[in-house]
Structures are given as structure tokens and as C-alpha cells.
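Grab a pencil and work through these exercises with the sequence and the 3D view side by side. Try each task before you read its solution.

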Amino acid sequence: MADVPPGVKGMNDILPPEVWKWQFLEQQARDVLESFAYGELRTPVLEYTPLFVRSVGEVTDVVEKQMYTFDDRDGRSVSLRPEGTASAVRAYVENAQWNKEPITRWYYIGPMFRHERAQRGRLRQFFQVGAEVFGASEPSIDAEMIAMLVSMLVRFGLDAGAIEVAVNSLGEPEEREAYRQKLVSYFSAHRDRLDDDSRRRLETNPLRILDSKNPDVIAVAAGAPKLIDELGEGSRARFARVRSLLDALGVKHAIDPGLVRGLDYYTGTIFEIKTKAGELGSQNTVAGGGRYDRLVASLGGQSTPAIGFALGIERALLAIPDTAESYEPALAVFFAPMDAAALDFALPIALRLRDKGIRTEIEHRPGKTGKMLGRASKLRARAAVIIGGNEIASGKLTVKDLANGTQSEVAVADLEALIRKLLD
Ligand code: HAM
């Protein structure tokens, strides 16, 4: 037999039963976001490359090493989106959304693409639930968003005690520039202890050295000046207000002075959520985000403050304790026709139930009742409808309650009501 060409590395098929857990998570996410009055935004997965270079940043891992970038047939460079914020901002600017409403709340659910080293919880096509709020600079928005994210994780079934919220503030770009200079002098004095990547970053993006995963660099970074100590009065007061609002909302959190985030557009509050739950291992950051008050203007829009987050669906799924099978939608009715005439009789009845939204399966290969009932149980049907010559002659169907094994007879016209009663 010929070999099937394999799927692309780091990109998965998602089949039942796994997909039921996905659907559950997505539905919970939508419910939470819609209760906070967000509307869904759908953007293309492909964008012209400069959008990401100018927003995510030229000297970031995402842009330098991870994007799927190629020329399309018109010779223009396009990239599969590595994240959703850039596209949301593009859509916001192209639609001059600030003219339509003072505050815009958008969310999205969809695939993102990064050519990373694939491992558990780290894929090349992965899915995010993300949200962006444009037009509000108040600290209460920051706190509300973080609290919403925690609620969402709890709704997914994560243990609240296993959710760790880390926050930090990057301050204003001007403050960050002063800090950057301090950091460069500090790391330059310890140049011999840096790795090649960090030495390069010393020239290009020294804050990212704080984000290094190399234990030697982490040891040097531990002694570095802290950004939070270098911020001006205004930024510090704002951050303190975000934190006190989080306390008021009951959101436990800690400052992580080394938190810098891997994308360049951030200003002010940034945050990440990790969890100790489930099978995540080292890739245990389930969500991250922050404020990006300068990005809309830098992409040509009217100056608009903004904040957002994205949550990694695969990682959240690994953290949810229940198995995929437990999210299987229950089958309401299984029709078991004993012969071809019974199948003909059953088909329109089953169709009517399905029209009413009742999840119904029908055996298209009539056979022994016992065998058919076995299938009904395997599919976890609530009831089986057995149809043979007697049923056709009398117009009464035999309904077997598969929870307790009792059987009853019901007129065709009353079947729906009986099924609904059983499902209640
Ligand atoms: P990010 O931190 O790059 O932020 O990604 C957010 C989340 O996506 C991560 O915490 C992680 O759960 C998941 N994720 C990232 N890369 C992968 C991967 N290769 N495999 C599996 N999961 C992954 C952003 O993307 C920003 N756009 C968030 C944001 C929105 N900031 C403001 N608005």
C-alpha cells in the first residue's frame, strides 16, 4: 500500500473524542466573553508580513525565527499569523473603529502559527482564545480583564488554587528607555557570563535578556536592576491601583519583576497566567497579555489605548483534569428497526426528532434486537426505540429506557414528549 504523506510536524488533527473537550472549552470561553459584552472578530490567517514586523517587533523571537513567511503569487511577502493582536489592530485601524464607538471589545478564537521546536504544549499550529479592548486606559479595565481570565479558567474546570497570576508593569516607553540604558551597563559589566543570544540582545533588545531560559543568564539577570523600581510616580501609582483592584476582585497575584513578555508592543501592565494543574510540564503558561497603548497610533490609527490577552487552547486543555470522553454529547435516542420494512417506517419518525434538535441515531442495517441494543448502550443512548411488524401494525412504538431497562409503548405522536421527559 502506498504511504500517506504525513501531516505537517507540530500541526495536529483534532478528532472526536478530543474535539468534544475543545468544543466545551470554546463554548465556555464564548459564554464568559459574551457576559463581558465582547463581540467576536474574525480576521484572515494570512497578513502582509510588515504588519507583524511593525507590531510584534523586528527583534523578537516570533518575527526573527518563528514566522511562516513566503511570497504569494504576486510576489508580496505574506505570513501566517503568529498571534492575533496585530490583525485586530489592523482591522480596528482600517475600519476607523474609533469613530463608531468609544470602547471596542473584541474576541477571537482561531489557529496561530509559529515555527517553534515542537513538544508537549508547544505546537506549530496552535489555537488561541484572545480578547482586545480598545479605547479605555483606566486601570479598572486591566483588573477586569485579568479577573475575567481567571473566571474563564475556573469555568474550564481548573482548580482556582492551581492558577498563578503574575503581573508587572513596563511603564511608558520613555521610562523603559532610561531603564534600558541601566540594563545595558549592568549586563555589559557581566558580558563574559552571557550566552551568544544574550550578547546579541544586549545590542538589539536588552530587556529580552531577562526572559532568557539559560540558567547561567538567569543567574546574572537575578542581580539586574528592576524595571518596576525605575518607573515614574504616575506609572507606579497606576500599577498600584491595578493591584488593589485585583485584590478587591479576589484575584490572587504576585509581581514578577522579570516578566517582560516576548512581543514588543507592550506598555504598562503586563501579565501571565501559569498553572500547576494537569499534564503541562514546562510549557505551563496558559495565557498572557497586557496593555499596548501606542500600537494603534504606530500603525496609523488615531491614538487609542488598548489592552488584550491570549490563552493557549492546547495548554488549557492539558490542564483540565477531565478526560475528553466525559465531554461526549449524550445520544438521546437509538432506533432499532428489526427488518427493512421497520427501517422504512422508522426513518421519517427519526427525521422528525432530529428536526426538533434531539440527537438521534438509527441502525441502517436491521438485525438482532440484542445486538442493536448493545450498540445503543455503547453510544450511551438514553432510550432505544424498537420497531418490528407488531409496532408497524399497531402504530405503537416500543421504547426502552436504557437507564433502568424498563419498556413502554407509546403512540408515534407522543414519542417526542416521552423522550423529552426522559431527558429532563
Ligand atoms: P503570547 O504570550 O505570545 O501572547 O501567547 C499567548 C498564549 O498562547 C501563551 O500563553 C500560550 O498559552 C499560547 N502559545 C503561544 N505559543 C504557543 C505554541 N507554540 N504552542 C502552543 N501554545 C502557544 C500573544 O500571542 C499576544 N497576542 C497576547 C495579547 C493579546 N496581548 C495583547 N493582546
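What volume does the largest cavity have? Before solving that, note that this is a predicted model, where local features need pLDDT of at least 70 and side-chain atom pairs count only at pLDDT 80 or more, while totals for chains, interfaces and linings use all residues. Residues are numbered from 1 along each chain as its sequence is written, and side-chain values use heavy atoms, with hydrogens and water left out.

**Exercise 1: the cavity**

Solution. Start with the rule: on a 1 Å grid over the protein atoms alone, a cavity is a set of points where a 1.4 Å probe fits but cannot get out, and a pocket is an open set with protein on both sides within 12 Å along at least five of seven lines; lining residues have an atom within 4 Å of a point. Grid points are joined across faces, edges and corners, and a volume is the space filled by probe spheres set on the points. Next, count: there is 1 cavity of 30 Å³ or more. The largest cavity comes out at about 30 Å³. Its lining is Leu 41, Thr 43, Arg 81, Gly 84, Ser 87, Ala 88 and Tyr 108.

Last step, sort that lining by class. Ala, Val, Leu, Ile, Met, Phe, Trp, Tyr, Cys and Pro count as nonpolar, Asp, Glu, Lys and Arg as charged, and the others, Gly among them, as polar. You should get 3 nonpolar, 3 polar and 1 charged.

**Exercise 2: the second largest pocket**

Find which helix gives the most to the lining of the second largest pocket.

Solution. First, the pocket's volume is about 490 Å³. Then look at its 25 lining residues: closest to the centre are Arg 176, Leu 263, Asp 264, Tyr 265 and Tyr 266. Now for the elements (helices are DSSP runs of H or I with at least four residues, strands are runs of E with at least two, numbered from the N terminus). Helix 2 (49–55), helix 6 and helix 11 (295–298) each give two or more residues. The winner is helix 6, with 4 residues. By class, the lining has 10 nonpolar, 6 polar and 9 charged residues.

**Exercise 3: two helices meet**

Work out how helix 1 (residues 18–35) and helix 5 (residues 139–156) cross.

Solution. Step one is the geometry: their axes come within 9 Å and cross at roughly 145 degrees. Axes here are lines fitted to C-alpha atoms, for helices over the stretch in contact, and angles run from 0 to 180 degrees between N-to-C directions. Step two is the contact, meaning heavy atoms within 4.5 Å. Phe 24, Leu 25, Gln 28, Ala 29, Asp 31, Val 32 and Leu 33 of helix 1 touch Met 148, Met 152, Arg 155 and Phe 156 of helix 5. Step three, sort them: 8 nonpolar, 1 polar and 2 charged.

**Exercise 4: odd backbone spots**

Which two residues does a cis peptide bond join?

Solution. Recall the usual case: most residues other than glycine have a negative phi, and most peptide bonds are trans. The cis bond joins Pro 16 and Pro 17, with omega about 5 degrees. Pro 17 sits in the segment before helix 1. Now check phi: Arg 261 has a positive value near 70 degrees, though it isn't a glycine. You'll find Arg 261 in the loop between strand 8 (254–255) and strand 9 (269–275).
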